[in-house]
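Open the model in a viewer and keep the selection panel at hand. The stops below run from strand pairing to the DNA, then to two loops and two pockets.

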There are 2 protein chains.
Amino acid sequence: MQLEEGKEKFIQAWGTLGSSWGINRTMAQVHALLLISPTSLSTEDVMQELSVSRGNANMNLRALMDWGLISKELRPGERKEYFVAEKDMWKVAKQVIRERRKRELEPMLRILEELKQVEGKKGDRDAEAFTQAINNLHDLSTKADKTLNTMLRADEHWFLSSFMKLMR
Amino acid sequence: MQLEEGKEKFIQAWGTLGSSWGINRTMAQVHALLLISPTSLSTEDVMQELSVSRGNANMNLRALMDWGLISKELRPGERKEYFVAEKDMWKVAKQVIRERRKRELEPMLRILEELKQVEGKKGDRDAEAFTQAINNLHDLSTKADKTLNTMLRADEHWFLSSFMKLMR
DNA sequence: TAAAACTTTCAATAAGTATTGAAAGTATAA
DNA sequence: TTATACTTTCAATACTTATTGAAAGTTTTA
């Protein structure tokens with residue numbers, strides 16, 4: 001396969017994967033583009049490469065900054081802003097985990113804690129099933145939260161070798 | 001908080017969480033409804049409780065079956081089909097991991113393998129950055145795949161206690 | 001201070017996804 | 001076999017989310 005075809009394919013695939021993870025397609029494509037780019041790119045470059053409007057490029061570049069997946073790079077003597085992606089995939093994965101934990105897991109934990117306070121007549125099957133489900137879910141979520149937290153503190157070597165060895 | 005309000009809140013929250021994970025809101029809500037129901041429910045029950053159409057209820061119940069998160073329950077002497085959700089949250093989590101691994105991680109691995117074959121002139125920075133990114137990603141994905149595979153074989157006790165102890 | 005070079009916003013619109021409901025399909029019972 | 005009790009399908013439609021592009025905003029340079 002030729003390089004251009006490969007790039008195209010990768011950008012497409014990353015965009016599709018993003019969609020099934022609740023990430024807007026263009027955002028994932030911009031990320032893919034920057035991941036495989038040896039140099040930093042401007043908004044114009046992104047518009048050009050992906051054939052998207054200025055507004056769209058701008059909005060998704062900002063979103064990627066919010067997620068901590070890319071950063072601005074200022075070239076001396078130039079006014080335009082350029083963007084680079086973090087290239088270390090383990091760092092990328094950790095950052096995504098960190099953000100989703102903050103944006104989804106933690107709010108869900110707060111809701112589950114609130115729902116543990118639900119009152120139901122003792123002996124009511126509905127109330128018992130509810131309490132049971134909420135408690136189990138809260139328990140699992142708490143454990144997942146702690147596990148993720150630990151993973152995030154671990155470095156790649158630890159995660160990928162010691163941990164792997166232990167697991168097999 | 002009263003039981004009814006709690007149920008409502010949980011169904012809403014689960015639906016919202018689903019959306020940010022690429023899962024259709026109604027599907028997540030049907031799942032939530034069954035998770036907190038002490039008895040199995042029919043399509044009619046689901047339509048009633050969530051105020052959705054027959055078509056919608058049917059389609060999402062099927063999708064949940066495809067994901068292996070709920071199953072049919074036939075009541076002796078009744079023609080109608082009833083559905084129950086797996087209540088063990090660890091099993092639920094494992095099943096979701098299993099499915100997403102199959103539906104997303106594995107296809108992505110196949111694509112990355114294909115993209116490792118991309119030809120680029122030696123010394124071309126673009127080609128080198130591309131190859132580098134693909135290789136790193138393939139490497140991380142393979143490791144994640146193996147780790148998930150191992151996790152799926154582990155039982156709850158192992159995962160949540162031995163593993164947790166080791167991690168801290 | 002004004003013009004130029006850029007970035008951001010946002011209302012309009014397009015594109016994508018989910019939902020409805022009635023009709024068609026299927027299986028059981030009479 | 002026909003009627004009944006369900007389940008499934010799917011074209012039309014509603015709803016949600018993403019995208020555009022022009023205008024407004026901001027910063028730098030002359």
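Two strands are said to pair if DSSP finds at least two bridges between them. The model on screen is predicted.

**Stop 1: the sheet of chain B**

Select β1, β2 and β3 of chain B. These three strands form an open sheet in the order β1-β3-β2, with antiparallel pairing. Its edge strands are β1 and β2 of chain B, each of which pairs on one side only.

Start with residues 41–42 of chain B, strand β1, and add residues 81–85 of chain B, strand β3: the two pair in the antiparallel sense over two bridges. Which residue stands opposite S42(B) in β3(B)? Show side chains and go across from S42(B) to find Y82(B).

Now add residues 70–74 of chain B, which make up strand β2. Five bridges join β2(B) to β3(B), and these strands also run antiparallel. Y82(B) in β3(B) comes up again here, as the residue opposite E73(B). Further along, select I70(B) and A85(B), which stand opposite each other. In general, strands of a sheet pair through backbone hydrogen bonds, either parallel or antiparallel.

Follow the chain from β2(B) into β3(B). The hairpin has six residues between the strands, and one of the residues to label is G77(B), with a positive phi near 80°.

**Stop 2: DNA strand C**

Select DNA strand C and expand the selection to the protein within 4 Å. The strand is surrounded by 15 residues, and the closest are N58(A), R79(A), E81(A), T26(B) and S53(B). Of the atoms of DNA strand C that come within 4 Å of the protein, 62% belong to sugar and phosphate.

Which elements each supply at least two residues of this surface? They are α4 of chain A, residues 54–66, and α4 of chain B, also written 54–66. The largest share, four residues, comes from α4(A). Colour the surface near DNA strand C by class to see one nonpolar, eight polar and six charged residues.

Three distances can be drawn here:

- From R79(A), draw a line from a polar side-chain atom to a base nitrogen of DNA strand C, at 2.7 Å.
- From T26(B), take an N or O atom of the side chain to a phosphate oxygen of DNA strand C, at 2.5 Å.
- From N56(B), take a polar side-chain atom to a phosphate oxygen of DNA strand C, at 3.1 Å.

**Stop 3: a serine in each chain**

Go to S51(A), in the loop between α3 and α4 of chain A. Most residues other than glycine have a negative phi. S51(A) is not a glycine, yet its phi is positive, about 50°. Is S51(A) buried or exposed? S51(A) counts as exposed because its relative accessibility is 65%, and the cut-off for exposed is over 50%.

Then select S51(B), in the loop between α3 and α4 of chain B. S51(B) has a positive phi near 50°. With a relative accessibility of 64%, S51(B) counts as exposed.

**Stop 4: the largest pocket**

Stay in chain B and select K7(B), I11(B), L33(B), I36(B) and E49(B). Of the 17 residues that line the largest pocket, these lie nearest its centre. The pocket has a volume of about 330 Å³.

To trace the lining, show α1 (3–19), α2 (25–35) and α3 (43–50) of chain B, each of which supplies at least two residues. α1(B) gives the most, with five residues. Coloured by class, the lining has six nonpolar, five polar and six charged residues.

**Stop 5: the second largest pocket**

Move to chain A. The second largest pocket holds about 180 Å³ of space. Its lining includes E4(A), K7(A), L33(A), I36(A), D45(A), Q48(A) and E49(A), and also D126(B). The elements that give two or more residues to this lining are α1 (3–19) and α3 (43–50) of chain A. Which element gives the largest share? It is α3(A), with three residues. By class, this lining has four nonpolar, three polar and five charged residues.

Terms used
Residues are numbered from 1 along each chain as its sequence is written. Chains are lettered from A and ligands numbered from 1 in the order in which they are written. This is a predicted model: local features need pLDDT of at least 70, side-chain atom pairs count only at pLDDT 80 or more; totals for chains, interfaces and linings use all residues. Side-chain values use heavy atoms; hydrogens and water are left out. On a 1 Å grid over the protein atoms alone, a cavity is a set of points where a 1.4 Å probe fits but cannot get out, and a pocket is an open set with protein on both sides within 12 Å along at least five of seven lines; lining residues have an atom within 4 Å of a point. Grid points are joined across faces, edges and corners, and a volume is the space filled by probe spheres set on the points. Ala, Val, Leu, Ile, Met, Phe, Trp, Tyr, Cys and Pro count as nonpolar, Asp, Glu, Lys and Arg as charged, and the others, Gly among them, as polar. A polar contact is a pair of N or O atoms within 3.5 Å; within protein, one must be able to donate a hydrogen and the other to accept it, and residues adjacent in sequence count only if both atoms are side-chain atoms. Buried means under 20% relative accessible area, exposed over 50%, partly exposed in between (1.4 Å probe, protein chains only).
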